[in-house]
Amino acid sequence: MITIYKAEYTFIDDRFHKDQALAVQGDHILDIGSFAVLCSRYPEAIIEDWSGYALFPGTINAHNHSFQSLLRGIATDEPFLVWRDQALYKYTPALDAQTLYAGALLAFGEMLKYGVTTVADFFYVHGNGIENDEAILKAADDLGIRFVMARTMYDWDGAPFSYRETVADAVTRTRTLAKRYAAHPRLTIHPAPHSPHAASPEMIQAGHHLAKELDVPFHIHVAEEMFEVNDILRDYGARPIHYLDQLGVVDESLLAIHLVWLEQSEIDLLGARKASLAYCPSSNMFLADGVTKIPELLQAGVRIALGTDGGCSNNRISVFEEMRMTALLQKVHRLDATALGALDTLTMGTRNGAEILRLQTGKIAPAYAADFVALDLTDLSLQPFSPELLPAHIVYSMQPTAIRRVVIAGKEVMRDGAILTVPEKRIRNLVADAQERFAQIENTTSANQS
Ligand SMILES: [Zn+2]
């Protein structure tokens, strides 16, 4: 079955073109051309008249921790280590498959409303098995979002038990899931050794090795806070990227998260090895991490995608928002309005993210996934309107009210603010159940303290 989407403007090759229609077959874009040409080429096609909309590629959220949406609002305005202990670690005992499923529905459901069509979830609450992982995958599947599970490999013994695995278990379980979902059209598994401070050298090397075996990138947090750099220097006598290089894992499969505290020699090495960054500017601001040197990393040849990070260290989870934050943060940090432009950040939030995750999506072109959003050209946040102004509007002025429809793999999943795949009432109810579980922990803690 072929569907022709007739829109006012379509974003192709970095600019908006008038009266370009898309022919979608199944889950991918088959053809692009004028409406008249596509109608004559595919006379049997169903017509979707989306006049008044501009079609834009769905955005790619390259870094999230879905369950953290359940912790939103807890221990805000606190330093990272206080937040970690009072929000993250404290409520971890309540995070079983059911609660994690609720968190994932909340995070991914909210993302659909803001035009995220692919999300990479850096997931580490495994509970010494894969049942929890399956709950997250089910949530992504139920909502219809394109999904990468960055399955965390974690063996630092200071963390809660449910995060930790032996190297052998982490490899076996990650591989099992990768094989189980290998044929799934929207779900993919990548290995993700947590970080140089929370994964042993053996765990990091095992993650890198597995990434090669599966022909996917591996995800790892690197140099988010200054203390991490100092810890690695103390323990291994090298700065984080040089330490990772000693382990033999700095290459094109490296997808590093954050990279706030780097020296130029580390930036140069990442560029030379064609490594990538998932940049999370709002989270870096929220936790007062610091400012990543984006222009230097681009200059060195590092590929950059955007991520929201978890819903309790941001606290919004929109990639359009991260585009804006990326540009604004770099400008103010350098006192230079030319530091980074709208089109650069649009590309990071769409095509770059897809390329780094090795998915055929993130742009509107034949053979690419039919993942796109429809922007309402009458929305006041997009006025004054012209196709030339629209890319800058999307980054700097657009509000979620302009995002009217979202299509993933050829299926409409959000329309006029409503998720079409899972009832929002159900999501709210499941989140309320999770909140009750958290309240029980709160009561137990205060009873123990009194
Ligand atoms: Zn993270």
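# A guided tour from Ala 104 outward

Begin by selecting Ala 104. Leaving aside residues up to four places away in sequence, Ala 104 touches Ser 66, Phe 67, Ile 136, Ala 139 and Ala 140. The structure on display is a predicted model.

**The core around Ala 104**

Next, widen the selection to the nonpolar core. The largest such core holds 140 residues, and those with the most contacts inside it are Leu 55, Ala 104, Leu 105, Phe 108, Leu 112 and Ala 140. Helix α3, residues 97–113, gives the most to this core, contributing ten residues. Colour the model by domain at this point: domain 1 (2–56 + 373–419) and domain 2 (59–356) both give residues to the core, so the core lies between them. As a general background, nonpolar side chains tend to be buried together in soluble globular proteins.

**The parallel sheet**

Now show the strands β6, β7, β8 and β9. They form an open sheet of four strands in the order β6-β7-β8-β9, with parallel pairing. At the edges stand β6 (59–64) and β9 (187–193); each has a single partner strand, so one side of each is left without a neighbour in the sheet. On average, neighbouring strands of this sheet are turned by 15 degrees against each other, direction ignored.

Select β8, residues 146–153, together with β9: the two run parallel and are joined by seven bridges. For one position to inspect, take Met 149, whose bridge partner in β9 is Ile 189.

Two helices can then be added to the view. Helix α3 packs on the sheet, where it touches β6 and β7 (116–123), and its direction makes about 155 degrees with that of β7. Helix α13, residues 342–356, also packs on the sheet and touches β6 and β7; the direction of α13 makes about 60 degrees with that of β6.

**Backbone exceptions in the loops**

The next stops concern backbone geometry. Most residues other than glycine have a negative phi, and most peptide bonds are trans.

Select Asn 314 and Asn 315: the peptide bond from Asn 314 to Asn 315 is cis, with omega near -5 degrees. Asn 315 is found in the loop between β13 (303–306) and α12 (319–334). Move to Gln 383 and Pro 384, where the peptide bond is again cis, with omega near -10 degrees. Pro 384 belongs to the loop between β14 (372–376) and α14 (390–396).

For positive phi, go to Leu 259, where phi is near 50 degrees. Its loop runs between β11 (254–258) and α9 (264–272). Leu 259 is buried, because 26 other C-beta atoms lie within 10 Å. Ala 367 has phi near 80 degrees, also a positive value in a residue other than glycine, and is placed in the loop between α13 and β14. Ala 367 is exposed, because 9 other C-beta atoms lie within 10 Å.

**Where the domains meet**

Finally, return to the domain colouring. The C-alpha centres of domain 1 and domain 2 lie 30 Å apart. Their contact takes 19 residues from domain 1 and 21 residues from domain 2. On the side of domain 1 that touches domain 2, the elements that give two or more residues are α14, β15 (403–408) and β16 (411–415). Select α14 to end the tour, since this helix gives the most to that side, with five residues. By class, the side of domain 1 that touches domain 2 has 15 nonpolar, one polar and three charged residues.

Note on methods. Residues numbered from 1 in each chain as written. Predicted model: local features only at pLDDT ≥ 70, side-chain atom pairs only at ≥ 80, totals over all residues. Core = buried A, V, L, I, M, F, W, Y, C linked by C-beta atoms within 7 Å. Buried ≥ 20, exposed ≤ 12 C-beta atoms within 10 Å, placed from the backbone. Domains from an automatic or database assignment. Contact = placed C-beta atoms within 7 Å. Pairing = 2+ DSSP bridges. Axes fitted to C-alpha atoms, helices over the stretch in contact; angles between N-to-C directions. Nonpolar A, V, L, I, M, F, W, Y, C, P; charged D, E, K, R; others polar.
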